[in-house]
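Reader: I am new to this structure and would like to look closely at a single part of it before I try to take in the rest. Could you choose one strand, describe its setting with care, and then lead me outward from there?

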Amino acid sequence: MTISNGKALDGGEIHVCQDGPSGAPTLLLIHGTAASARSWEPMVPLLTESHHVIRIDLLGCGRSAKPDGESYAVPDQARRVCAVLDGLGVEQVVVVGHSSGGAVATALAEQRPDLVTALVFINTGPGMAAYVAKEVPIRAESIRKAMSDGFRPGFEIPRSYVDQFRDIDFAVFGAISQAIRAYLDERTLPERLAPLGKPLLVLFGEEDRRWRPSSAGDYSAVPGATVEMLPGVGHSPNLEDPPRTARHLLAFTANHAPQAG
């Protein structure tokens, strides 16, 4: 059963969903740009038998507040995530980020290495040099077209996933996108992760049309990183093939999840 509520922070309310037994090892799932906690819905039932799963709508996304003029810088987003986890009493967590959610996961590990025990990236580009998507304006009347390169060619995007985009605040979306670019331009994710010593699993769909799939090899610069290429899927394995994605994730967390309790 999903427990869904809001957490009041200085920048605005953050929406949080929790599933699975509270005493089990905790997984935090962070969505990508213009997405929300709903992007993880197909995977949640596959994870909750063995994990307490927390999903969060970052500020400016989903059911969280979308204030104008607030900082959407990646480190500030990570600080808000820290505040939510601290408020929930979470002491250790494996953090899973899809796409740009991996950047927020990295900032979280930079700020709170005591909190983050391991990281999983799903189609997270290592730096802006790997970004290959064509810029397509997102408008209410052409959402499916704008979203299409987020999946393998021919994939039928779930209506529930499309619907979450209809409430986008386009000014906030622009601010979040610029903030992600700035964070990746400052230093690549492998450069940030290498000194942290955190176990890392990188899953990358071979048919990604937003980030160059071969760029996944850049994570080999992170000591102990494991890179798994996924044939037949594009930018969103968590939606395109949830069972296969969950199998890789659970095999990794079996060795690196924090102890229950």
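Author: Let us begin with strand E7, residues 200-205, in what is a predicted model. Six of the six residues of strand E7 are buried, so this strand is largely enclosed by the rest of the structure. The cut-off behind that word is a relative accessible area under 20%. If you follow the side chains along E7, you will find that Leu200, Val202 and Phe204 point one way, while Leu201, Leu203 and Gly205 point the other way, and that the residues of both sets are buried.

The neighbours of E7 come next. Strand E6, which spans residues 116-122, pairs with E7 in the parallel sense, over four bridges. One place to find this pairing is Leu119, whose bridge partner in E7 is Leu200. Strand E8, residues 226-230, also runs parallel to E7, and five bridges join the two. Here Val202 can serve as the landmark, since its bridge partner in E8 is Val227.

With both neighbours in place, the view can be widened to the sheet. E7 belongs to an open sheet of eight strands, in the order E1-E2-E4-E3-E5-E6-E7-E8, and the pairing in this sheet is mixed. Its edge strands are E1 and E8, each of which pairs on one side only. Direction ignored, neighbouring strands of the sheet are turned by 20 degrees against each other on average.

Elsewhere in that order, strand E3 (residues 26-30) and strand E5 (residues 93-98) form a parallel pair with four bridges, in which Leu28 has Val95 of E5 as its bridge partner. At the E1 edge the sense of pairing is antiparallel, with seven bridges joining strand E1 (residues 3-9) to strand E2 (residues 12-19). A hairpin through two residues leads from E1 to E2, and within this pair Lys7 stands opposite Ile14 of E2.

From the sheet we can turn to the enclosed space in the model. A search of the whole structure finds one cavity of 30 Å³ or more, and the largest cavity holds about 70 Å³ of space. Its lining is made up of His31, Gly32, Thr33, Leu58, Cys61, Tyr72, Val74, Gln77, Ser100, Val104, Ile176 and Ile180. Helix H2 (74-88) and helix H6 (170-186) each contribute at least two residues to that lining. Sorted by class, the lining of the largest cavity has seven nonpolar and five polar residues, and no charged ones.

Cys61, one of the residues in this lining, leads to a last point, about the cysteines. A disulfide is a covalent bond between the sulfur atoms of two cysteines. The structure holds zero disulfides. For Cys61 the reason is distance, because the closest cysteine sulfur, in Cys17, is 13 Å from its own sulfur, too far for a bond. Cys61 is also buried, with a relative accessible area of 6%. Cys82 cannot form such a bond either, because its sulfur is 17 Å from the closest cysteine sulfur, which belongs to Cys61. The relative accessible area of Cys82 is 6%, so Cys82 counts as buried.

Key:
Residues numbered from 1 in each chain as written. Predicted model: local features only at pLDDT ≥ 70, side-chain atom pairs only at ≥ 80, totals over all residues. Heavy atoms only, no water. 1 Å grid on protein atoms, 1.4 Å probe; cavity = no way out; pocket = protein on both sides within 12 Å on 5 of 7 lines; lining within 4 Å. Points joined across faces, edges and corners; volume = space filled by probe spheres on them. Nonpolar A, V, L, I, M, F, W, Y, C, P; charged D, E, K, R; others polar. Disulfide = S-S within 2.5 Å. Buried < 20%, exposed > 50% of the residue type's maximum accessible area, 1.4 Å probe, protein only. Pairing = 2+ DSSP bridges. Axes fitted to C-alpha atoms, helices over the stretch in contact; angles between N-to-C directions.
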